[in-house]
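Biologist: Could you take me through this model step by step, with the reasoning behind each answer?

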Amino acid sequence: MKEIDVTPSPGSILTVMISILVTTFLVYIYRRIIVRQIRRSVWKSAGDDVVLVHCPTPGYLTPNISPFVMKLLTYLRLAQIPYKLEHDEPMGAKGKTPWITLNGEELHDSQLIIEALSKKFDKDFNSGLSEEEKAIARGFAMMIEEHIAWGLRVWRFIVDDGRTLLEGMKQPFFVSLIKPIFVRSQKAALWYQGLGRHSPSEVENMITADLRALSKYLGRKPYLMGDNLTEVDCTMFAFMANILYNYNRSPYYDIIKGEFTNLYDYVLRVKGRLWPDWNQCLEKTKLK
Ligand SMILES: N[C@@H](CCC(=O)N[C@@H](CS)C(=O)NCC(=O)O)C(=O)O
């Protein structure tokens with residue numbers, strides 16, 4: 001019987017490889033350019049002066065697992081600016097969430113967005129503060145966003161191996177497969193930022209000192225700067241609520257519930273005022 005040689009020729013292997021590369025490239029172009037353009041033209045029709053907030057899908061325990069998204073949403077509620085949520089492209093051009101589209105224009109970074117909205121809609125919640133109070137409020141906001149935020153990430157990614165991420169929001173099944181890659185990238189970010197070079201207990205002492213400062217300054221006042229909600233409360237509420245709901249296995253939860261109880265009462269106060277529909281905003285179904 002005559003034997004047939006089924007070994008593929010180098011030419012046919014090359015053809016298959018080129019076809020795979022061309023197909024991958026075309027799918028990439030389709031997604032990057034065409035889908036992007038289609039989405040943007042849909043987003044333009046969100047409505048005049050309606051803020052379209054691009055962010056991850058709602059969390060199980062907080063309306064959004066990202067405290068920066070929660071800060072922005074809390075500001076929008078305080079300012080009574082109409083908004084809609086969009087989850088197809090949660091990460092913006094700067095590789096972070098949240099970002100927004102407003103009247104077809106894209107804006108990134110919660111703080112830059114709030115400053116722009118403040119101007120556009122004439123909603124400046126700091127106008128009642130003295131220059132000295134504004135300086136104090138800015139200091140606290142930076143402490144929370146640039147120090148406490150990283151300290152929380154040390155607990156989430158170094159101590160707890162990223163588990164709270166999977167516990168806090170709906171994830172397609174493959175996310176648990178790529179979780180180690182994400183956790184590794186966050187550990188690298190923590191190393192470059194600097195807090196990741198300290199031991200977890202050193203970081204815990206630093207973040208506890210920050211929480212103590214917030215608790216002492218808040219004292220018996222209803223809001224951080226006094227009787228009225230100001231911009232810094234959007235940041236403070238977002239991060240304190242994040243600890244209470246999304247970090248409830250961390251030492252920071254225990255400290256707030258056990259020692260700095262005015263921070264706990266504060267979260268309930270702001271939540272009751274600006275998030276009466278909190279439970280309706282949570283993701284109800286588990287995707288597994
Ligand atoms: N300064 C930014 C910070 C936003 C931020 O760090 N968002 C996180 C989610 S909470 C994020 O996008 N992380 C993704 C990453 O760093 O790769 C803002 O205020 O919007």
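Biologist: Where does Pro-98 lie?

Modeller: Please keep in mind throughout that this is a predicted model. Pro-98 belongs to neither of the two strands that flank it, and its place is in the loop between β2 and β3.

Biologist: Is the peptide bond from Thr-97 to Pro-98 cis or trans?

Modeller: As a background rule, most peptide bonds are trans. For the bond that leads from Thr-97 to Pro-98, omega is near 5°, and with that angle the bond is cis.

Biologist: Which residue in the loop between α2 and β2 has a positive phi?

Modeller: In general, most residues other than glycine have a negative phi. In this structure there is a residue other than glycine whose phi is near 55°, and its place is in the loop between α2 and β2; the residue is Gln-80.

Biologist: What handedness does the unit made of β1, α2 and β2 have?

Modeller: Strand β1, which covers residues 51-54, and strand β2, which covers residues 83-86, pair in the parallel sense over 4 bridges, and one of the pairs of bridge partners is Val-53 with Leu-85. Together with helix α2, residues 67-79, these strands make a β-α-β unit, and its handedness is right-handed.

Biologist: How many residues lie between β3 and β4 in their hairpin?

Modeller: Strand β3 (residues 99-102) and strand β4 (residues 105-108) run antiparallel and are joined by 4 bridges, with Ile-100 having Leu-107 as its bridge partner in β4. The turn of the hairpin contains Asn-103, whose phi is positive at about 50°, and the number of residues between the two strands is 2.

Biologist: How much of the ligand's accessible area does the protein cover?

Modeller: The residues that surround the ligand include Phe-68, Lys-96, Pro-98 and Gln-186. Oxygen atoms of the ligand have a backbone N or O atom of Thr-97 at 2.9 Å, a polar side-chain atom of Ser-110 at 2.6 Å and a polar side-chain atom of Arg-153 at 3.4 Å. Of the 510 Å² of accessible area that the ligand has on its own, the part covered by the protein is 77%.

Biologist: What accessible area does the nonpolar patch with Phe-25 have together?

Modeller: Phe-25 lies in helix α1, which spans residues 10-44. On the surface, Phe-25 forms a nonpolar patch with Leu-14, Ile-18, Val-22, Leu-26 and Tyr-28, and the accessible area of these residues together is about 620 Å².

Definitions and conventions: Residues are numbered from 1 along each chain as its sequence is written. This is a predicted model: local features need pLDDT of at least 70, side-chain atom pairs count only at pLDDT 80 or more; totals for chains, interfaces and linings use all residues. Side-chain values use heavy atoms; hydrogens and water are left out. Patches are made of residues with over 30% relative accessible area and no salt bridge: like charges are joined within 9 Å, nonpolar side chains (Val, Leu, Ile, Met, Phe, Trp, Tyr) within 5 Å. Accessible areas come from the Shrake-Rupley method with a 1.4 Å probe; for residues, only the protein chains shown count as cover. A salt bridge is a side-chain nitrogen of Lys or Arg within 4 Å of a carboxyl oxygen of Asp or Glu. Two strands pair if DSSP finds at least two bridges between them. A crossover is right-handed if, with the strands pointing away from the viewer, the path from the first strand over the helix to the second runs clockwise. A residue is near a molecule or strand if one of its heavy atoms lies within 4 Å of it. A polar contact is a pair of N or O atoms within 3.5 Å; within protein, one must be able to donate a hydrogen and the other to accept it, and residues adjacent in sequence count only if both atoms are side-chain atoms.
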